[in-house]
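Subject: The structure I promised you

Hi,

Here is the structure we talked about. Have a look at it first, then read my notes below.

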Amino acid sequence: LTERVVDPVSERFDIVIRIGDQPDSSLVSRRIGSQRYIMGASPAYLQRHGHPARFEDLARHRLIDRQHSTSVRGWRELPGFDWSRPPQFALESNDCDTRRMCAARGLGIALMPNWAIGEDLAAGRIVELHPEGAPPQEVSGIYLLRASARASATVRAFTDHLLASIG
C-alpha cells in the first residue's frame, strides 16, 4: 500500500485506486464510486470558535490541511482563497485518517473527501460547513485500475469487497 502515484505495469501492482478524471491508457478501468470534498469541523470546535459564515472567515480559523498538497486536496489549492493573511494551520498531514480524527476531536476545520468523513458526519462528530462564497466542490470519480486484461481471483475478491463497502 502506498499513497504515491505508481505505474501498475512497470511496478507490478495488481490494482491501483485513483481519483478524478483518468487519462486514456492501456489500463483496465472500473469506476467504483464518487467523491467530493467537504469542509467540516466538530461541534465542540464550532462552539468554541464559531461557524465561518463566509469563505474568507476561514483565514481566522484553525485549519487542518494536507501536507505537501499539490492538487485540490488541500486548502492552499482552493480558488479564491486570499493568502495575504495566511491561515493558521493547526495540523498538516498526508494521512487522511489523522486529519479526520483531529477534526472530529475539535482541533480545527478540515477539507476532506466525503468517503473519509461520512461516518463522522452521520454520527454528528463532524458538521459540514457551507460558508458563503466557498468554491463549489465538484464530484469526481473513484476508479480501480489494473494492467491485466483478466482480473485474478484476488483482484476480483478485492473489487467485490470495495464495491460492497463503498461502491
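Below is what I found, going from the whole chain down to single residues.

A quick word on where this comes from: it is a predicted model, with local features needing pLDDT of at least 70 and side-chain atom pairs counting only at pLDDT 80 or more, while totals for chains, interfaces and linings use all residues. Residues are numbered from 1 along each chain as its sequence is written, and side-chain values use heavy atoms, with hydrogens and water left out.

**The whole chain**

The chain has 4 helices and 8 strands. Here helices (H or I, at least four residues) and strands (E, at least two) are DSSP runs, numbered from the N terminus. If you walk along the sequence, you meet them in the order β-β-β-α-β-β-α-β-α-β-β-α. The C-alpha trace spans about 55 × 35 × 25 Å along its principal axes.

Of the 167 residues, 38% are buried. Buried means under 20% relative accessible area, exposed means over 50%, and partly exposed is in between (1.4 Å probe, protein chains only). Contact means heavy atoms within 4.5 Å. Among contacts between residues at least 6 apart in sequence, 72% join residues at least 24 apart.

**Two helices side by side**

Now find helix α2 (residues 96-104) and helix α3 (residues 114-123): they pack at an angle of about 30 degrees, and their axes are 10 Å apart. That makes α2 roughly parallel to α3. For the record, axes are lines fitted to C-alpha atoms, for helices over the stretch in contact, and angles run from 0 to 180 degrees between N-to-C directions. Angles under 35 degrees count as roughly parallel, over 145 as roughly antiparallel, 65 to 115 as roughly perpendicular and the rest as oblique.

Which residues in α2 and α3 meet? From α2 there are Cys96, Arg100 and Ala104, and from α3 there are Trp115, Ala116, Ile117 and Asp120. By class, this contact has 5 nonpolar, no polar and 2 charged residues. The classes work like this: Ala, Val, Leu, Ile, Met, Phe, Trp, Tyr, Cys and Pro are nonpolar, Asp, Glu, Lys and Arg are charged, and the others, Gly among them, are polar.

Ile117 in helix α3 is worth clicking on. Is Ile117 buried or exposed? Ile117 counts as buried, because its relative accessibility is 1%. Leaving aside residues up to four places away in sequence, Ile117 touches Ile38, Arg100, Met112 and Ile126. Ile117 and Met101 are 16 residues apart in sequence, with their C-alpha atoms 9.1 Å apart in space.

**Salt bridges**

A salt bridge here is a side-chain nitrogen of Lys or Arg within 4 Å of a carboxyl oxygen of Asp or Glu. The count comes to 7 salt bridges; three of the pairs are below.

- Arg36 pairs with Glu128, and their closest N and O atoms are 3.1 Å apart. Arg36 lies in the loop between β2 (28-35) and β3 (37-41) and Glu128 in strand β7 (residues 127-129), so this pair ties together parts that are 92 residues apart in sequence. Arg36 is partly exposed at 28%, and Glu128 is partly exposed at 24%.
- Glu132 meets Arg54 at 2.8 Å, N to O. Glu132 sits in the loop between β7 and β8 (140-146) and Arg54 in the loop between α1 (43-49) and β4 (62-65), 78 residues apart. Glu132 is exposed, with a relative accessible area of 52%, whereas Arg54 is partly exposed at 32%.
- Arg125 bridges to Asp120, with the closest N and O atoms 2.6 Å apart. Arg125 is partly exposed at 40%, but Asp120 is buried at 3%. Salt bridges that share partners join Asp97, Arg100, Asp120 and Arg125 into one network.

**Two more residues to look up**

Arg12 has a positive phi of about 60 degrees although it is not a glycine. You'll find Arg12 in the segment before β1 (16-19), where Arg12 counts as exposed at 74% relative accessibility.

Ala90 is in strand β5 (residues 88-92) and is partly exposed, with a relative accessible area of 25%. Ala90 touches Arg62, Leu63 and Leu107, again not counting residues up to four places away in sequence. The C-alpha atoms of Ala90 and Arg150 are separated by 46 Å, and the two residues are 60 apart along the chain.

Cheers
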